Amino acid sequence: MHCGNVMKPSLKDNSGSHGSPTSGMLHGIFFSCNTEFNTGQPPQDSPYGRYRFQIPAQRLFNPNTNLYFADFYCMYTAYHYVVLVLAPKGSSGDLFCRERLPQLDISSNKFLTCCVEEGELVYRHAQDSILEVIYTEPVDLSLGVLGEISGHQLMSLSTANAKKDPSCKTCNISVGR
């Protein structure tokens, strides 16, 4: 209401891996990409609060969007936390990321893909990660739906001062590879 029905990007805080080039530098809006493996729908429970803004993937991620790898670290569980950046081609966010982050092929990577199949955009994401994206541009709220979650509000997954598990064989190259 106060911002003309638009979610505006805010400065990314210092959570996540130390030394991440996005911390305190990149403006964006965080979105979760997690879905229930058996339904493809957002989880009923959420660590992000009682309300969820849901927007069709094609509004943010399509062939006119670049995808960048931003962060990856342990949650000291079987899951790892992955942060990607979605930036419309040529936007200020795209220019920022192009100079600082590895760009991913939107149709072929281990985390989040967008492919055209039979004339339709098809999306896939990793099921073994906690996946978030930072979208670098304002988002018109009329493009999505705000609603209350149907499950429980879970404890927050704080990533402040995130540290890599020194024994993890997934995120530490020097361990067991």
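Reader: What is the strand order in the open sheet of six strands?

Author: In this predicted model, the order is E2-E3-E10-E6-E5-E7, and the pairing is mixed.

Reader: What makes strand E2 and strand E7 edge strands?

Author: Strand E2 (10-11) and strand E7 (103-104) each pair on one side only.

Reader: How do you know that strand E6 and strand E10 pair?

Author: Pairing takes at least two bridges between two strands. Seven bridges join E6 (residues 80-88) to E10 (residues 129-135), so the two count as paired. These strands run parallel, and Tyr81 stands opposite Ile130 in E10.

Reader: Why is Asn62 called buried?

Author: Buried means under 20% relative accessible area. Asn62 has 17%, so the word buried applies. You will find Asn62 in the loop between strand E4 (51-54) and strand E5 (65-74).

Reader: What makes the link from the side chain of Asn62 to Gln58 a polar contact?

Author: Such a pair of N or O atoms must lie within 3.5 Å, with one able to donate a hydrogen and the other to accept it. The Asn62 side chain reaches the backbone oxygen of Gln58 at 3.1 Å. Leaving aside neighbours within four places in sequence, Asn62 is also in contact with Ile106, Cys114, Leu121 and Tyr123.

Reader: And why does Gly147 count as partly exposed?

Author: Partly exposed lies between under 20% and over 50%. Gly147 has 26% relative accessibility, so Gly147 belongs there. Gly147 sits in strand E12 (residues 145-148).

Reader: Which residues are in contact with Gly147, leaving aside its neighbours within four places in sequence?

Author: They are Arg50, Tyr51 and Arg52. Arg50 is 97 residues from Gly147 along the chain, with 8.5 Å separating their C-alpha atoms.

Note on methods. Residues numbered from 1 in each chain as written. Predicted model: local features only at pLDDT ≥ 70, side-chain atom pairs only at ≥ 80, totals over all residues. Heavy atoms only, no water. Helix = DSSP H or I, 4+ residues; strand = E, 2+ residues; numbered from the N terminus. Buried < 20%, exposed > 50% of the residue type's maximum accessible area, 1.4 Å probe, protein only. Contact = heavy atoms within 4.5 Å.
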